[in-house]
Each structure stands twice: as C-alpha cells, then as structure tokens.
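Me: Before we discuss any labels, please show me the model, and then let me ask how each one is justified.

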Amino acid sequence: MNFENNLAFAKAQDDNDSLSKFRDQFLFPKSNGKDFIYLCGNSLGLQPKVAQEVLKGQLDNWANYAVEGWFEGKEPWMFYHKELKKLMAPLVGASEAEVCPMNTLTVNLHLLMISFYQPKGSRYKIIMEGGAFPSDQYALESQVRFRGYDPKDAIIEVFPREGEETLRTEDIIAQIKENGDEIALVLFGGINYYTGQWFDMKSITEAGHEVGAIVGFDLAHAAGNVPVKLHDWDIDFACWCSYKYQNSGPGGISGIFVHEKHFKSDLNRFAGWWGYQENKRFKMEKGFIPEAGADGWQISCTQVMPMALYHASLQIFESAGFIEPLRNKSITLTSYLEFIINQVNKDLGVEQYRIITPENPADRGAQLSIIAKEKGKEIFDGLIANHVLGDWREPDVIRLSPIPLYNSYEDLYLTGKALLEVSKKVLAL
Ligand SMILES: *Cc1c(COP(=O)(O)O)cnc(C)c1O
C-alpha cells in the first residue's frame with residue numbers, strides 16, 4: 001500500500017477498517033481531560049469497558065451464593081476456567097484441553113520447567129535467546145542451580161552477530177545443532193520484549209526436536225499479538241501473561257499450554273489439589289492423580305476474580321474473530337507507524353530514529369523498538385507531555401505498539417506529528 005503522511009489519509013484508513021469500532025470498547029487514560037494516544041499495549045493492555053460488569057457479576061455471585069458459588073449461578077466457579085479455555089485455545093492455536101488459565105507468568109514458567117526440564121547425564125543444557133526478559137533469565141538461572149548445575153555452563157545464550165540487533169534463525173539453529181547432544185531444553189521467547197523480533201518458532205522447534213530436546217516458549221509478547229500455532233508447530237509447552245496484548249489488567253492471570261502428546265506421559269510436576277482428577281477431587285484421597293490435559297498442572301483453586309477480567313477481554317477477541325483479522329490489521333498498522341517514523345527522519349533531515357525491529361512483517365508483531373540517537377529520554381518525556389504514551393527502555397529505546405483492537409491510523413499520524421515537533425524542539429533543529 002502507498003501510505004501518506006496526512007490526516008485525511010489516516011482517517012480514510014480508519015473509515016475503511018471493519019475493526020475500528022472496537023476502539024470504543026476500551027477506556028483510555030487521560031491527562032488534563034484529554035485522552036492519551038496509547039501505544040503501550042505491549043506492556044499493559046487497556047481496560048475493556050465491560051471488565052467492570054463481568055467482574056461485578058462474579059462479585060455478585062460471591063455476595064449471593066458465597067461458598068455455594070462453586071456450584072451455583074450461571075458460571076459456577078468449579079468450571080469457570082473451562083469458559084476461558086474455549087476462548088484461549090483459538091488465540092494460540094491449541095485445543096481446549098491443551099490450555100488452562102492459572103497463576104502468573106514467571107510462576108508458570110517455573111512450574112512447567114519442573115516438568116519439562118529433565119537434565120540427564122551429559123544432556124543438561126538450556127539454550128535461550130540472549131537478552132531475554134530478565135524474569136526469564138532469573139527463572140532459568142535458578143532452575144539450573146536447583147538441579148545442581150552452574151548457569152554459566154548450563155545456559156547457552158544466542159546473541160545477534162556483531163553489528164546486528166536481531167537474531168538470525170540460521171544462527172539459532174546452528175547453535176542448537178552444534179550443542180545438540182548436550183541440550184535438554186530449548187526455551188525462547190515468542191517475541192523478544194526489547195527488539196520486538198518474532199522468532200521463527202516453527203523452525204526453532206523442529207531444530208530442537210531434531211537434536212532430541214524439549215522445546216518451550218514464553219509467549220508474553222506473542223499471545224494475542226501474532227498468530228501462533230502451538231499445536232501444529234508441535235511445541236512441547238508454553239506460557240504467557242494476559243495483561244499485555246490480552247488486556248486482562250495488572251498482574252492478570254497467566255495461561256499455559258501443554259501439547260496433547262504429553263498428556264499420557266508421567267511427567268513430574270509440583271502438584272496441588274486443583275490439578276487432581278476433577279470428578280474425584282473432593283474424595284480427598286491420598287496419592288496424586290492428575291486431571292488429563294493442561295488442567296492437571298493447576299495447583300490452587302480457581303482465581304475467579306482475575307479470571308473474570310481475562311474473560312471480559314477474551315470475549316472481545318471472540319467478537320473480533322480472534323487473531324487472524326486482528327493480525328491483518330496489525331500488519332498494516334505497524335507498517336504505517338514505520339512509514340511515519342521514517343517520514344519524521346526525512347523531515348528532520350537527520351537519521352535521528354533507527355528502528356531495530358525487523359522490517360519484514362513476518363518477523364515482528366505490533367511493536368516497533370526505535371533507537372533515538374540523541375536525547376531519547378527528553379524526547380520520550382516530550383511525547384508524554386503531548387499525550388502520546390509509549391514506553392522507554394534504557395539506554396535509548398522508545399517502544400511503540402499500535403494495537404489493532406484499539407489503535408487507529410489517526411493515532412499514528414498524530415504520533416508522527418508530535419514526534420516531529422518534540423524532536424525539533426529538543427534537538428534545536
Ligand atoms: C512481561 C514478561 C514477564 C513478566 O512476568 P510476570 O511473572 O507476569 O511478572 C516475563 N517474561 C517475559 C518474556 C515478559 O515479557
């Protein structure tokens with residue numbers, strides 16, 4: 001498409017966009033009575049207007065039924081997670097049995113590693129992306145130490161080549177092959193939080209399996225953003241948070257995926273009563289027998305309130321047609337933002353902004369990570385003063401994420417306009 005850097009063009013795109021109506025279903029933060037242009041959905045998604053009502057429904061159930069709420073009401077808590085599973089599965093390309101909402105992300109990463117990181121003999125290493133989100137680094141370090149290994153030896157990080165910002169799939173695969181006999185687990189992010197690079201999850205999984213390793217993904221920045229096919233790509237396990245691209249609110253509930261092929265194996269797990277066979281859970285018998293599927297990884301009883309918030313948001317994804325229509329819009333929206341940033345450089349007459357996120361839409365989701373050559377933090381603060389809210393990553397990166405459910409082309413045109421004005425002022429150009 002030939003993009004244009006003007007308001008009329010942006011508005012015409014919005015008029016042609018069948019998903020633009022969803023914007024009205026979200027609450028935007030304000031300052032001085034004016035809505036922010038919100039480009040921070042990669043960090044915390046906006047609140048769906050319906051969230052209050054859905055949450056209130058469960059507060060009412062609690063008020064009206066108290067303990068009977070586990071079995072009474074329209075959505076008894078005992079089975080409430082199943083309502084969510086139905087809506088989570090199509091978002092990540094899984095069957096209902098393969099997914100389950102529970103706990104929080106890093107906690108689930110630990111729990112799944114208890115099952116899926118099984119070092120034995122000379123096969124004990126984990127291969128991961130260099131510069132992964134710190135929580136994942138700490139989780140892996142501590143898991144490795146817990147099993148009696150030295151993280152410096154047992155964790156292999158794959159870094160970009162000298163002078164490059166993102167990873168080449170061929171380099172990831174080469175490192176997997178090179179260390180093949182020693183690798184117990186391949187654990188990557190779906191999309192790297194810093195660069196916005198969407199890894200070739202299918203090829204990484206194939207390479208991991210070829211050397212006999214288990215392959216898992218942290219989908220914090222991928223779930224609800226890009227169309228992943230966890231089942232078809234034969235990924236062993238995955239987990240994600242729901243508060244970024246899936247708008248479930250701060251600290252929202254996490255989701256896990258366990259591939260069906262593992263349902264019959266006797267994988268160890270840190271068990272709790274809620275993972276016990278559902279129809280016999282209340283017999284309270286000795287000896288843990290897991291419920292089939294991802295549900296068998298549950299530990300504690302259903303966290304109804306955070307699930308209600310996730311449910312509210314998942315219903316919006318359902319009415320938008322889940323991920324494919326959103327992805328189609330997202331590709332164009334992100335490309336438009338890229339065009340706008342490049343226009344700002346042109347208008348400034350200097351290469352002030354350099355996008356480190358891959359150019360190919362197949363290698364990225366809704367986020368652009370932009371290195372500001374000079375005075376990045378001042379410019380970022382200037383954007384906020386101009387009602388544009390992205391996020392800042394030290395030392396010099398501005399991340400902007402246009403979200404197809406609630407961002408418009410007009411948002412991006414106005415962002416470019418604000419960025420140009422602020423840059424001129426801060427850089428005295
Ligand atoms: C956001 C994010 C987290 C956050 O983990 P929590 O346990 O939800 O605090 C972890 N890992 C990655 C890759 C993330 O992007």
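**Helix 3 and the modified lysine**

Reply: In this predicted model, the buried residues of helix 3 are Y80, H81, L84, K85, L87, M88, A89, L91 and V92. They pack against helix 2, strand 6 (99-102), strand 11, strand 12, helix 9 (304-319) and helix 10 (323-348).

Me: Why is K244 called buried?

Reply: The relative accessibility of K244 is 7%, and buried means under 20%, so K244 counts as buried. K244 lies in the loop between strand 11 (237-241) and strand 12 (254-258), where, leaving aside residues up to four places away in sequence, it touches G41, N42, S43, L44, G45, A220 and H221. The unreviewed UniProt entry places the feature "modified residue: N6-(pyridoxal phosphate)lysine" at K244.

Me: What makes L59 partly exposed?

Reply: L59, which sits in helix 2 (residues 51-65), has a relative accessibility of 38%; because the partly exposed class lies between the 20% and 50% cut-offs, L59 counts as partly exposed.

Me: How do you know that the span of helix 3 is close to the one expected?

Reply: Helix 3 (residues 80-92) has 13 residues, and the expected span is 1.5 Å times one less than the number of residues, which means 18 Å is expected here, against the 19 Å reached from the first C-alpha to the last.

Me: Where does helix 3 bend, and what follows the helix?

Reply: Helix 3 bends by about 25 degrees at K86, with a proline, P90, following within four residues. After the helix comes G93, whose phi is positive, near 65 degrees.

How values were computed. Residues numbered from 1 in each chain as written. Predicted model: local features only at pLDDT ≥ 70, side-chain atom pairs only at ≥ 80, totals over all residues. Heavy atoms only, no water. UniProt positions renumbered as here; feature names shortened; annotations may be inferred. Helix = DSSP H or I, 4+ residues; strand = E, 2+ residues; numbered from the N terminus. Buried < 20%, exposed > 50% of the residue type's maximum accessible area, 1.4 Å probe, protein only. Contact = heavy atoms within 4.5 Å. Bend = angle between axes of the 7 residues up to and from the residue.
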